[in-house]
Amino acid sequence: MSHDDLGNGLAGDALLHMVTAQAHGTWAAARVAVQAMTAQPLTAHPQQASLYRGVPAAAYTLHFAQPASSRTLAKLDEEAASIIATRLETAQRRMDSGRPPQMAEYDLISGLTGLGAYLLQRRHDTALEAVLHYLVRLLTEPLTLAGHQVPGWWTCDGPRGVPDDNTFRTGHANYGIAHGMPGPLALLALSSRAGINVTGQDRAIDTAIDFLTTWAQPTAGGTIGWPELLPLHDFLRGPVSGAAPGRPSWCYGAPGIARALQLAGLARRNKSVRQFAEHAVLGAITDARQLSELEDITLCHGWAGLLLTCDRIASDAQSPALARALPALRERLHTHLVRHEIPKGAGLLTGSAGVLLTLHTLSTPRPADVGWETCLLLN
């Protein structure tokens, strides 16, 4: 267990204590959690540090602390700025060479999309604009791979972020908000809604909207879904009808993708895109076959992530149908809690912190919401 890991370590636990302390006004547990997070040196190597690990993860967490941590936070901000500048320089060189990126170059968990989410939360607008310029290029400048044109976010590695000599020997297209193109789309849309725009940002958002609406596949049950990831030969074949629906999770699946699309529709004032996104997620959460794919309660790929994502989609929805569907989802989550324990591990994505933070957030009046979900690109 890593002390400075937001997803699976003590930084995730610290975030839980920060957010709940803001609501309850008692900071003792939060201080202990911060001490545990910072007891060892924080990861600061540019190729290892990210929103979910090291200096940026700790800085993101401390953003929600009392003002007493402002001096520490300012120092971490400086270190994070240096990390991000180095990551951007490396990514720009890769782009200029015409080579495809590794998944960890741009994704939410390990890459520049996540670092951009940190900058958005901290309102370091100038540094964020540099990340947005990079994401615009990523979404609008295609690559040529094995004689075929593929999107600029096509990865050169396999789904685990390492080279794959078998199915994914020519890389893959990743459709998950955690590791794929919906992450950059969501960050561009959230930044636009916050009034931070760069040249080409609207075009990049529209390009991503067109891609995701084109790739929305009718499933065997009559709903709409997306692939999780595709190797080159399946990508070149194009969307197919009658695909088996995937797990309706935050990380991969209709809810996370639909939230990215809905945010894009809000940013571009496109009611039809918003309606399409809401229709897709409503189909997923009212389909017993898809819901049966959820096997745990975690934030990343379980009931907590589904409910939190759908709650945020419903809060911005044009139709009341999603809000009407939420009580049934809450009941399913609480039923799972009765039958199964909350995971004992640390961290936001797969541990107890994410589940408890979700339960806290969904039971807290919206005006008290402190917006921690930027690290999930939900708000």
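Good morning. I begin with the second largest cavity, which holds about 70 Å³ of space. Everything I report today comes from a predicted model.

The lining of this second largest cavity consists of Ile224, Gly225, Trp226, Glu228, Pro245, Gly246, Arg247, Pro248, Gly253, Ala254 and Gln290. By class, five of these lining residues are nonpolar, four are polar and two are charged. In total, the structure contains two cavities of 30 Å³ or more.

Let me turn to the largest pocket. Its space amounts to about 640 Å³. The lining of this pocket comprises 33 residues, and those nearest its centre are Arg87, Ala104, Glu105, Ile109 and Ser110. In terms of character, the lining has 15 nonpolar, 11 polar and seven charged residues.

Which helix gives the most to the lining of the largest pocket? That is helix 4, with four residues. Helix 4 spans 70-97, and helix 5 spans 103-106; each of the two supplies at least two residues of the lining.

I now move to helix packing, with two pairs to present.

The first pair I present is helix 3, residues 55-62, with helix 6, residues 112-122. These helices pack at an angle of about 30°, and their axes lie 10 Å apart. An angle under 35 degrees counts as roughly parallel, and helix 3 and helix 6 are therefore roughly parallel to each other. Their crossing is left-handed. At the contact, Pro56, Ala59 and Tyr60 of helix 3 meet Leu115, Tyr118 and Gln121 of helix 6. This contact is made up of five nonpolar residues and one polar residue, with no charged residues.

The other pair is helix 9, residues 201-214, with helix 11, residues 254-267. Here the axes come within 10 Å and cross at roughly 140°. How are helix 9 and helix 11 oriented to each other? Angles over 145 degrees count as roughly antiparallel, and those outside the named ranges count as oblique; helix 9 and helix 11 are therefore oblique to each other. The crossing of helix 9 and helix 11 is left-handed. From helix 9, Ile205, Ile209, Leu212 and Thr213 meet Ile257, Leu261 and Ala264 of helix 11. Six of the residues in this contact are nonpolar, one is polar and none is charged.

To close, I return to the two helix pairs: the crossing of helix 3 and helix 6 is left-handed, and so is that of helix 9 and helix 11. Thank you for your attention.

Key
Residues numbered from 1 in each chain as written. Predicted model: local features only at pLDDT ≥ 70, side-chain atom pairs only at ≥ 80, totals over all residues. Heavy atoms only, no water. 1 Å grid on protein atoms, 1.4 Å probe; cavity = no way out; pocket = protein on both sides within 12 Å on 5 of 7 lines; lining within 4 Å. Points joined across faces, edges and corners; volume = space filled by probe spheres on them. Nonpolar A, V, L, I, M, F, W, Y, C, P; charged D, E, K, R; others polar. Axes fitted to C-alpha atoms, helices over the stretch in contact; angles between N-to-C directions. Parallel < 35°, antiparallel > 145°, perpendicular 65-115°, else oblique. Left-handed = near helix turned anticlockwise from the far one by under 90°. Contact = heavy atoms within 4.5 Å.
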